[in-house]
Structure formats: C-alpha cells, structure tokens
Amino acid sequence: MEINSNKQFSDKALEDFRLIDSALEDGDEQAFAELMQRYKMAVYHMILKMVRNVDDAEDLTIEAFAKAFKNLHKFKKDYTFSTWLFRIATNNAIDFIRKKKLKTLSLNTTFTNDSGDDVNIDVEDENLNPQQEAIKSQKIELVQMFVTKLPAKYQRLVKLRYFDELSYDEIAKELDAPLGTIKAQLYRARELMYELVKNKREHL
C-alpha cells in the first residue's frame, strides 16, 4: 500500500500505516488491537456526543471498528487512518440516529419482502390505534421468531436487552457474567440476527 508522496503525514499517521500493513499482509491481530486502542476512546466520545446514550455509544463504537477492519483493504493512504475511521463512525452513528425512534423497540434491522421493498421491524410503543396495535403485535412476533433461531445463550441476552430493556450492567448482574462478555455476546447476537433476517427466505 503506497503512501501519497504529495502529502506530509505525522509520525502517528505513519505508524498507523505500518500497523495497517501488518494487519493486512500478516494478519497480525495485535496490529488490529493497537489500532483500536489508539482511537477507541476518541471515537466513543465523538459518538456519545451524537447519540447521548452510553450503551448505544459503546455499541456503535464496536460497530465502527468492525466496519473499518472489515473494509481495511479498501483504505488508501491518501489521507490518515483516523480521518477515514471517523468518517465511518460518523456515518454509522447518523444511520443509527435516523433509524431509532423515540420509545421504539428496535433491532435496527430490515428485511426485504417479496416485492423487493425493505420492511422495518421496529416496534413503536406510543399512541397506537387498533390497526397499529395489530401491526405491532405481528412485528413483535416476527422479531421473536428470529430470536428463537438464535443459539440458546444468545436468546436470553437479546430478550433481556430488547424486550425487557435492561442496561448492560443490569444484564451482567442478572446473568452474573462479566460486563465485557455480555457486550461481546450481544454484538455477536445482533450479527446473527442480521444474517437470519437477511436470509429470511431460508428460515421462514
């Protein structure tokens, strides 16, 4: 990966480039970890200012790094890694804010119906008329159906987080498990849910 010779980069940016090369060429997990360590708190605080919720900010921080690392092979050294990473994190947070509605039970997930239209499975909670109540019930059943297809250890986590609306700390206490483990497992559960919804025709 060649560096743009027309630009002057700081020593930190050059070190980021070295870590990226190591991560991509050698599959060096330590290089990934170091990149995350360098920028995790800065990304977190930026996202927290946008979403104003600690749990959401933590989720979105992990998602931002996951997206960045997944697409690291697309990164070009025309600008710094931090600029590229913050753009990914900002766009991800903006997408989240757009999708999230007040008092909504949300897995931030859509699936495509037979007409090719995206159908959101968010469930609104306030001021529903009878028809909306019926739609809400159907959507909850749909979400629950996908949840039941998760491995057992993830089912309970998803139900506690999205149906009982417990915080990460409350879930950790409820399950007597480390907070970091709860966050990691919930992130994995959301990935699995997304895959199930995306491939719904195989699972319905």
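Two residues are in contact when they have heavy atoms within 4.5 Å of each other. With that in mind, let's walk through this predicted model. Of the contacts in the chain with a separation of 6 or more, 51% are between residues 24 or more positions apart.

The chain has 204 residues, and 36% of them are buried. Its secondary structure comes to 9 helices and 4 strands. If you trace the elements from the N terminus, you meet them in the order α-α-α-α-β-β-β-β-α-α-α-α-α.

A good place to start is the pair formed by helix α2, residues 29-51, and helix α3, residues 54-70. Their axes come within 8 Å and cross at roughly 135°. An angle over 145 degrees would count as roughly antiparallel, and 65 to 115 as roughly perpendicular; α2 and α3 are therefore oblique to each other. The crossing of α2 past α3 is right-handed. On the α2 side, the contact is made by F32, L35, M36, Y39, K40, V43, Y44, I47, L48 and V51. Facing them from α3 are V54, D56, A57, E58, L60, T61, F65 and F69. By character, the residues of this contact divide into 14 nonpolar, 1 polar and 3 charged.

Stay with α3 for a moment and find D59, which is in this helix. Is D59 buried or exposed? Its relative accessible area is 10%, and buried means under 20%, so D59 is buried. Leaving aside neighbours within four places in sequence, D59 is in contact with R161, Y168 and R190.

One of those partners, Y168, takes us to helix α7, which spans residues 168-175. Here Y168, I171 and A172 are buried. Seen down the axis of α7, these buried residues fall within an arc of 100°, so they line one face of the helix. The general rule behind such patterns is that an α-helix has 3.6 residues a turn, so residues three or four places apart point the same way. After α7 comes D176, which has a positive phi, near 50°.

Our last stop is helix α8, residues 179-198, where you will find L192. Which residues does L192 touch, not counting those up to four places away in sequence? They are L150, P151 and Y154. You can also compare the positions of L192 and F146, which are 46 residues apart along the chain. Their C-alpha atoms are separated by 9.5 Å.

Terms used
Residues are numbered from 1 along each chain as its sequence is written. This is a predicted model: local features need pLDDT of at least 70, side-chain atom pairs count only at pLDDT 80 or more; totals for chains, interfaces and linings use all residues. Side-chain values use heavy atoms; hydrogens and water are left out. Axes are lines fitted to C-alpha atoms, for helices over the stretch in contact, and angles run from 0 to 180 degrees between N-to-C directions. Helices (H or I, at least four residues) and strands (E, at least two) are DSSP runs, numbered from the N terminus. Angles under 35 degrees count as roughly parallel, over 145 as roughly antiparallel, 65 to 115 as roughly perpendicular and the rest as oblique. A crossing is left-handed if the near helix is turned anticlockwise from the far one by less than a right angle, and right-handed if clockwise. Ala, Val, Leu, Ile, Met, Phe, Trp, Tyr, Cys and Pro count as nonpolar, Asp, Glu, Lys and Arg as charged, and the others, Gly among them, as polar. Buried means under 20% relative accessible area, exposed over 50%, partly exposed in between (1.4 Å probe, protein chains only). The arc is that of the directions from the helix axis to the C-beta atoms.
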